[in-house]
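This briefing looks at charged and aromatic side-chain contacts, grouped by topic. Please read it alongside the sequence and the model.

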Amino acid sequence: MDKPVRLALLGCGTVGSEVVRLLHEQSTDLAARIGAPIEIAGIAVRRPNRTRDLPIDPGLFTTDALGLVKRDDVDVVVEVVGGIEPARTWLVEALRGGKSAVTANKALLAEDGGSLHDAAAEGGADLYYEASVAGAIPLLRPLRESLHGDSITRVTGIVNGTTNFILSAMDATGAGFTEALEEATALGYAEADPTADIEGFDAAAKAAILASLAFHTRVGAADVHREGITEVSAADMASAKAMGCTIKLLCIAERGPGADGTESVSVRVHPAMIPRTHPLASVGDAFNAVFVEAVAAGQLMFYGRGAGGAPTASAVLGDIVAVARNRLAGVRAASESVYADLPIRPMGQAITRYHISLDVADRAGVLATVAGVFARHDVSIATVRQSGRDTDASLVIVTHRAPDAALAATVEELRGLDIVRSIASVLRVEGGQ
């Protein structure tokens, strides 16, 4: 058996602690799979003297992360700290120095993944990041390797467990958003500050990573249209149920012609109604699932636990095994594939459908007036439901697919009509025509 592969671990929180435990518990099997044992050279933390129930020599802890990364006896650097800086500095230093890197840092990859890939190319090192999207679900490697001979057209996913728990609870119990968020917080599914989850930032970062791999184009967080779930109401969920739908926070990345007919990429994150017959509709609790559509392979779905210490650590260990094997074999994994370099399509050019609920005046000609607004923007109505009388009169309209800009302009004109007392909700609809 070859000499040990030496590992520097940056961070020892929820995920990092699980990585240490799994390395210890599975040391014999991992050595057999790799062809050499894995040794931890050091662990960078903010508080090295903190009591930790881990099977590790306390002398391995250090506050000097950059010094640890630069050590000559380190072969692989594993980063599970998160954030942009100083994680970017550490990883760039490691990769340029020829050390392979494993990271779960979705925010950094979405914000400036190009710098990491460039550093890996410069140093001839591997960069793996399976744990950055959907936890333990093996998703990125199939996109990067298994489907590399195919042409992926669309990726639709539930990639944030907190929001999926909240929306699933609202669907099951009829609770409002605030009540469902309180339950998620009490059960540990939501952070004390849930902004990154409920406003869609977490999902947008993951969408950027998925789109980059699927479409061989660098996509950053700034390229992703983002909307959160804070405006989704119990009434929205009830309306979805009446249509045979549910509401999910979806990340959607698709490749196709833009308004001018040229090939481009559209990436967005927003709540959407989907039919209960759709495979993603049954994904409940805090689980994640990603639905991939490809020309030859057809439709594929990846499902499992998308967060948590143990699931995420499982993905990290899988990457450690891969980079360690490559290092021992003297080879490097396939480099970043961005040959397509497709333009990013603005959200206004994305083809979507809307569900619009209007509180209207109870008078003759209301429907005709509203329909005229849709016609002026060349938006076709698929279904309309009129109900109530007097102060409870309402219209619920579902459109056919149209450019999002035309749909948004329609809604804006509706706001200005004196016969429209209020717009109760506007949601996009996925599935159907």
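Is Glu412 buried or exposed? Glu412 has a relative accessibility of 53% and therefore counts as exposed, since the class begins over 50%. The model discussed here is a predicted one, and the structure holds 24 salt bridges, while the count of aromatic pairs comes to two.

**Salt bridges within a helix**

- Glu412 is the partner of Arg415 in a salt bridge whose closest N and O atoms are 3.8 Å apart, and both residues belong to helix α14 (residues 404–415), where they are three residues apart, about one turn of the helix.
- Asp202 and Lys206 also form a salt bridge, with 2.9 Å between the closest N and O atoms, and these two residues lie four residues apart in helix α10 (residues 201–215), again about one turn of the helix.
- Whereas Glu412 is exposed, Asp202 and Lys206 are both buried.

**A salt bridge between distant parts of the chain, and its network**

- Arg268 forms a salt bridge with Glu430, and the closest N and O atoms of this pair are 3.2 Å apart.
- Because Arg268 lies in strand β10 (residues 263–275) and Glu430 in the segment after β17 (420–429), the pair ties together parts that are 162 residues apart in sequence.
- Arg268 has a relative accessible area of 0% and is buried, and Glu430, with a relative accessible area of 6%, is buried as well.
- Arg268 and Glu430 are also members of a network of salt bridges, in which they are linked with Arg154, Glu254 and Glu293.

**Aromatic pairs**

- Of the two aromatic pairs counted, one is formed by Phe287 and Tyr303, which are stacked, with 5.3 Å from centre to centre and 5° between the planes.
- This pair links distant parts of the chain, as Phe287 lies in strand β11 (residues 287–294) and Tyr303 in strand β12 (residues 298–305), the two residues being 16 residues apart.
- The two rings fall into separate accessibility classes: Phe287, at 18% relative accessibility, counts as buried, whereas Tyr303, with a relative accessible area of 48%, is partly exposed.

**Charges over rings**

- Arg226 lies over the face of Phe201, at 3.8 Å from the ring centre.
- Arg144 lies over the face of Tyr129, in this case at 5.5 Å from the ring centre.

Technical notes: Residues numbered from 1 in each chain as written. Predicted model: local features only at pLDDT ≥ 70, side-chain atom pairs only at ≥ 80, totals over all residues. Heavy atoms only, no water. Salt bridge = Lys/Arg side-chain N within 4 Å of Asp/Glu carboxyl O. Buried < 20%, exposed > 50% of the residue type's maximum accessible area, 1.4 Å probe, protein only. Phe/Tyr/Trp six-rings, centres within 6.5 Å; stacked < 30°, edge-to-face > 60°. Lys NZ or Arg CZ within 6 Å of the ring centre and 35° of its normal.
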